[in-house]
Every structure is written in C-alpha cells, then in structure tokens.
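Student: I would like to go through some labels with you and ask what stands behind each one. Could you take them one at a time?

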Amino acid sequence: MSIVTMRRATLIGSYTHRREILERLQTLGVAHIETRGLTGGEPHRTHVELQEALGYLLASPYRRRMLPPTSQPDRQQLLQEIQANRRRREQVQDRLTLLHRHRQELEPWGEFEFPDLADIGRQRLWFYLAPLSQRQALAAIALPWVVISHDHRQLYLVIVSPTEPTPEQVPFERSHTGGASLRKMHLEEAALQVELEKLDAERYLLTRWIRYLASQLARASDADALDLAERASDTDEVLFRLSAWVPAQQLPSLNALCDVVPVALVHRAPAADEEPPILLDNPEWAAGGEEALKFFQLPDYRSWDPSMMLFLSFSLFFAVILADAGYALAGGALCLLSRPRWKRTRTGRRLGNLALAMFATSLIYGVLVGSYFGLAPPPGSWLGSLHWLDMDDFDAMMTLSIAVGVVHLMLANALAAWYARPRWRALGYLGWVVMLLCGFLLWRATQQPLPEPLLAMPWSYGLIVGALLVMGFSSDKPFDTWPHRLQHLTGGVTSLAGLTQAFGNALSYMRLFALGLSSASLAVTFNQLALQARDSLSGGGMLAFLVILLLGHLINFALALMGGVVHGLRLNLIEFLHWGIRGEGRPYQAFANKEASTWIK
C-alpha cells in the first residue's frame with residue numbers, strides 16, 4: 001500500500017561489452033530506462049507479421065492443445081500459410097455476405113432464369129419497384145408489364161421491352177437483379193460454406209503453433225526494446241553510460257550483475273526536480289483498487305498510494321447503490337462461477353478479487369437495509385432482527401450519505417497531510433479537514449431548533465481556524481523568507497476559492513442514497529407488477545408472473561451494476577482524488593524480457 005522508493009542508477013561499462021551488459025540487464029528486469037524521448041520507430045515487418053498471425057489464430061473459436069513443439073517449423077513458411085488462410089477466409093466471408101445480401105434482394109422476385117434473347121423475340125425483362133401509393137400509375141404504362149409480388153411498401157413490377165424504358169415510360173425506380181438465379185446463388189453459397197469449413201479446419205490445425213508464435217513475438221519485442229536501450233545510452237566509443245530508475249529493494253540484484261559483467265553502478269536518491277516513475281506495492285487481494293487507480297491517474301511520486309482507500313470505499317459505494325442482499329448473492333455467485341476465467345491473468349485476479357469484495361460488502365449492506373430481491377424479512381425473524389437501516393427514512397439516509405461523503409473527503413485530506421509532513425503544506429490539508437467537519441456539524445445544527453446563535457457555536461470558530469490554516473499553508477514552498485510566505489498567502493486565497501466546490505462535492509454523495517433508493521423501489525415495483533399479473537389473468541397468470549419477475553429483476557440488476565460501477569468510480573476518482581492527490585505520475589515500465597504467455601489470452 002505504498003509507492004515503491006526509487007533510486008537513480010547509472011551504469012558505466014565497456015562499449016565493446018555493451019550488448020552483453022544490456023542483454024543481462026534485460027534478463028534481470030529491474031530497471032526503467034530513461035529513453036529521453038526516443039521512440040521505437042516503425043515496428044519491424046516481421047514483428048507486424050507475427051502479431052497479425054498470432055492474433056488471427058487466437059481469434060479462432062476452437063484451439064488445439066498447445067503443447068511445446070518438438071520441432072521448430074520454418075517461420076516464414078508458417079507465416080505465409082497463416083496469411084494465405086486468413087486472406088482466403090476473408091474473401092470467402094466477403095463473398096458470402098454479398099451473396100446473402102443479393103439473395104435477400106432477389107427473393108421477392110421469385111425463382112427464375114433469363115432465357116436466350118432469340119427464344120423471346122429479342123425482348124428483355126426489366127425489373128422495377130413501384131410504391132403502393134402509386135399503384136394507379138401502372139395503368140398509364142403502355143409496355144407489357146406484370147406484378148410479380150408485393151409487400152407492405154411496394155410492388156415488384158416486370159416490364160417487357162427490347163430496350164430499357166425511359167423514365168417517361170416507367171416512372172419508377174429500377175431494380176438491378178443481376179443475371180444469377182436464386183438456385184445458382186444457393187449452390188454457390190453451399191460451395192462457399194464447404195470451403196469456409198475447410199479453411200476453419202486448417203485454421204484449427206494451425207493453432208498448434210500459437211505458443212511458438214507467441215515466443216517468436218516475445219523475442220522480437222525483446223529485440224526492439226534492446227535496440228531502443230542501446231540508442232538511449234551515451235557512448236564515446238570506449239565507454240557507455242546508461243541512466244535508469246531502479247526500485248530500492250532491487251539494488252542488490254543490480255550490484256550482483258556488476259560482479260559478472262564489466263560494468264560499474266552508481267546510484268542516488270531522486271533530486272528535487274526529478275520525477276521518478278511510479279510503481280505501486282499492494283497485496284494481491286486488495287490490488288483491485290490499484291487497477292481502478294491506473295484507469296484514471298497515477299499519483300505523483302512524492303504523494304501517497306490511495307489504492308487501498310479506493311478498494312474499500314468503492315466496495316462500500318457499490319453496496320449502497322446495489323442495496324439488495326439477493327442481488328449481491330446472485331452477483332457473487334456469477335463472479336465465483338467465472339473465477340476459472342478471470343484468475344488466468346494478473347489483472348483478472350485483481351479485478352476478480354475486487355468484484356468479490358464489492359458483492360460481499362453489498363451482501364452485508366443488503367442485510368442491514370432488509371432487502372432480498374425487493375422483499376423485506378418478517379419482523380420477528382432473525383433476518384428481521386438484522387434490519388437496522390430504514391430506506392424509507394429519507395432524512396436519516398440523506399444525512400448518512402452526506403456524512404459518508406464528508407468523511408471520505410476528510411480522509412483524503414488527512415492522508416495527504418500525513419504524507420506531506422513535515423512540510424508546512426500539511427497544515428493546509430488539515431485546514432480542509434477542520435472546515436469539512438465543522439461545516440457538516442453546522443449543517444446538522446441547522447436541521448433542528450438552535451439552542452444558541454449560530455455564530456456562538458464552536459463549529460463556527462472551527463470554520464475560521466480551518467480557513468486560516470488553508471490561507472496560510474497552501475504552498476509547498478518553505479516558510480523561511482517573506483517571498484515564500486507571500487506565496488503561501490496567495491496560494492491560500494486561491495485554495496479558499498474551492499470552498500464551494502468542497503461542499504458541492506460533499507453533497508454529490510447524495511447520489512448514493514438516490515441510486516440505492518431507486519434500485520430498491522424498482523425491485524418492489526416489479527414484485528408488485530408480477531403479483532398483479534398473476535392475480536388478474538385467469539389463464540397464463542403464473543407464466544406472466546414468472547416472466548415479469550425474471551425480466552424485471554434482470555433489468556434492475558443490470559441497471560444497479562452499471563450505476564454502482566460508474567458512480568462509485570466517479571466519487572472515488574474525481575471527488576476523492578481531487579482532494580487527496582496532487583500531480584500525476586508516469587508508470588514504471590521495467591526493461592525486461594517478455595514472456596510468451598503475455599501474448600496468449
């Protein structure tokens with residue numbers, strides 16, 4: 001639950017051994033190399049071909065067992081075979097799509113084939129689409145015509161004429177049917193389907209090379225990264241120098257590298273004007289908050305890691321919005337059933353653990369509000385004894401939602417103050433904590449008859465003290481000279497302009513209560529509709545009851561899931577991080593060898 005301490009490392013070694021040193025450093029995989037704005041450039045053609053071929057095989061709905069190959073194939077020949085299969089398969093699919101579309105256009109005309117012109121006196125057949133609203137215009141057509149069929153919009157009209165009729169002769173839109181009949185189209189479609197099955201079988205057989213292609217792609221990516229590292233190093237044809245960021249706990253590994261290759265290591269702490277890359281350290285079970293944080297922004301290196309707070313508060317907010325123990329049990333069951341799929345990857349495991357925590361918290365909150373698919377437990381039951389929160393008490397639930405928001409924002413500023421110590425800036429964060437707390441208590445005091453004047457209450461003085469702290473200590477500058485003190489004052493005045501935003505952010509947490517109430521109300525409404533349908537219909541009442549109950553709760557569950565995720569993330573990533581995090585960091589990217597499993601999903 002912290003930002004990993006970084007050290008600025010400089011490697012100095014012999015230029016003739018540079019390639020070997022960089023290869024060993026890449027194998028070690030502990031350094032974030034400063035590329036100084038360099039890019040990898042255009043990817044190598046072989047790299048692109050490998051990526052396209054692997055992606056094509058991974059998209060196959062069926063795969064062979066991916067065992068390590070006993071023999072290495074000819075890579076170029078394999079790529080050509082995969083590319084030929086892909087190209088021909090795309091051509092067949094495109095032709096099938098065109099045939100399907102053309103057949104749909106041709107079906108209203110029926111089954112027919114064009115005879116030889118000599119057999120019909122050099123006459124030709126011309127096809128037109130006549131709107132039903134213009135049916136009376138058919139009487140004015142002097143050429144021989146017949147209506148083949150019709151639908152709810154138009155008539156399908158055939159004109160007999162040696163040449164194409166003019167718009168004056170037939171004032172309708174012409175339909176271009178082509179020369180192929182429906183029978184020929186069906187035969188061609190059947191042949192193409194057979195060929196597509198053959199191509200799919202070949203693709204299935206080619207999937208045995210997925211692991212081989214993934215290893216080749218990993219090697220190609222490693223080679224590109226190695227070339228970039230070479231270009232990022234400084235050299236004078238005798239020595240080379242490479243700058244990198246290394247986690248402090250990995251320095252022993254880097255020192256061990258110096259014992260086996262001719263390279264020297266110099267490292268130091270980051271300078272005040274340097275921004276090391278961000279590497280977060282969180283336990284696997286709670287790292288879902290880290291994944292949510294990366295979705296929005298990484299904290300500054302000199303800030304703090306809010307991943308655990310996001311993990312806990314996001315689970316709580318989701319529970320308040322879902323507000324039903326039955327939905328929580330259903331969602332948790334679905335999450336556990338899909339566990340074999342999401343546990344395959346590191347990100348999947350992290351997000352899966354977060355989802356389990358969300359539904360577990362939702363189960364506890366659903367029991368407290370006494371909602372089980374919109375049904376309340378009997379008052380005398382043991383579940384009824386756990387029903388502590390009343391969703392129908394609007395004043396209490398609104399106060400609870402705002403209190404949660406105030407505490408959330410106070411925690412953001414308190415944690416920011418803790419990590420800002422011993423700088424004077426920490427007092428500015430504490431000022432916001434005092435102002436938020438006193439503002440909430442003053443608001444609560446106005447909800448009931450005041451025993452004393454508002455200005456005589458201690459919370460009013462707390463607001464003043466908090467405002468003075470914010471005004472005096474809202475800068476990162478030291479407090480040693482008058483120019484720096486003036487910067488504190490001007491920064492404090494600017495920060496106080498966000499007072500209305502602070503209380504607006506606190507009030508925005510009322511969306512928790514509003515969304516939770518809407519979810520609970522919809523569940524009750526669907527139950528009532530299902531009961532009314534069962535009691536009012538003499539035949540099929542039970543079927544209508546089951547359909548309304550199932551579809552209604554599915555819709556409500558989906559809406560609650562979307563609302564819980566979207567608004568839970570919003571309150572954490574916008575309101576919370578706005579007050580607790582200053583600046584934005586860049587991610588730590590280790591210079592390391594890629595694993596073949598990275599490309600197989």
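The conversation below goes from label to label and sets values against cut-offs.

Tutor: Gladly! Keep in mind that this is a predicted model. Where shall we start?

Student: With cysteine 258: why is cysteine 258 called buried?

Tutor: Its relative accessible area is 18%, and buried means under 20%, so cysteine 258 falls on the buried side of the cut-off.

Student: And what makes cysteine 438 count as buried?

Tutor: The same reasoning step works: cysteine 438 has a relative accessible area of 6%, which is under 20%, and therefore cysteine 438 is buried.

Student: How many disulfides does a search of the whole structure find?

Tutor: The search gives 0 disulfides. To be listed, a pair of cysteine sulfur atoms would have to lie within 2.5 Å, so the result says that no pair in the structure meets that cut-off.

Student: Let's turn to the surface. Which residues make the nonpolar patch?

Tutor: The patch covers about 850 Å² and is made by Leu522, Leu543, Val547, Leu550, Leu551, Leu554, Ile555, Leu559 and Met562. Helix H19 (residues 541-580) gives the largest share, 8 residues, while leucine 522 lies in helix H18 (residues 510-536).

Student: What makes leucine 522 accessible enough for a patch?

Tutor: Its relative accessible area is 34%, and a patch residue needs over 30%, so leucine 522 passes that test. Its label is partly exposed, because 34% lies between the 20% and 50% limits.

Student: Why does glutamine 76 count as partly exposed?

Tutor: Glutamine 76 has 37% relative accessibility, again between 20% and 50%, so partly exposed is the right label. You will find glutamine 76 in helix H3 (residues 75-106). Glutamine 76 and arginine 423 are 347 residues apart in sequence and 61 Å apart in space, C-alpha to C-alpha.

Student: Now the sheet. In what order do its strands run, and which of them stand at the edges?

Tutor: The order is S5-S6-S4-S7, an open sheet of 4 strands with antiparallel pairing. Strand S5 (145-150) and strand S7 (173-174) are the edges, because each has a single partner strand and one side without a neighbour in the sheet.

Student: How do you know that S4 and S6 pair?

Tutor: Pairing takes at least two bridges, and strand S4 (residues 124-131) and strand S6 (residues 154-161) have 8, in the antiparallel sense, so they qualify. Among the facing residues, proline 131 stands opposite glutamine 154 and leucine 125 opposite valine 160.

Student: And what makes S5 and S6 a pair?

Tutor: Their 5 antiparallel bridges also satisfy the requirement of at least two, so the pair counts. Valine 146 has valine 158 in S6 as its bridge partner, and a hairpin of 3 residues joins S5 to S6. S6 itself is mostly covered, with 7 of its 8 residues buried.

Student: One last residue: why is asparagine 282 called buried, and which side chains does it contact?

Tutor: Asparagine 282 has a relative accessible area of 9%, under the 20% limit, so it is buried. This residue lies in the loop between strand S11 (280-281) and helix H7 (288-296). Its side chain makes polar contacts with the side chains of aspartate 305, at 3.1 Å, and serine 307, at 3.5 Å.

Methods: Residues numbered from 1 in each chain as written. Predicted model: local features only at pLDDT ≥ 70, side-chain atom pairs only at ≥ 80, totals over all residues. Heavy atoms only, no water. Patch = residues over 30% accessible without salt bridge, like charges linked within 9 Å, V, L, I, M, F, W, Y side chains within 5 Å. Areas by Shrake-Rupley, 256 points an atom, 1.4 Å probe, with all protein chains shown as cover. Salt bridge = Lys/Arg side-chain N within 4 Å of Asp/Glu carboxyl O. Buried < 20%, exposed > 50% of the residue type's maximum accessible area, 1.4 Å probe, protein only. Polar contact = N/O pair within 3.5 Å; in protein donor to acceptor, adjacent residues only side chain to side chain.
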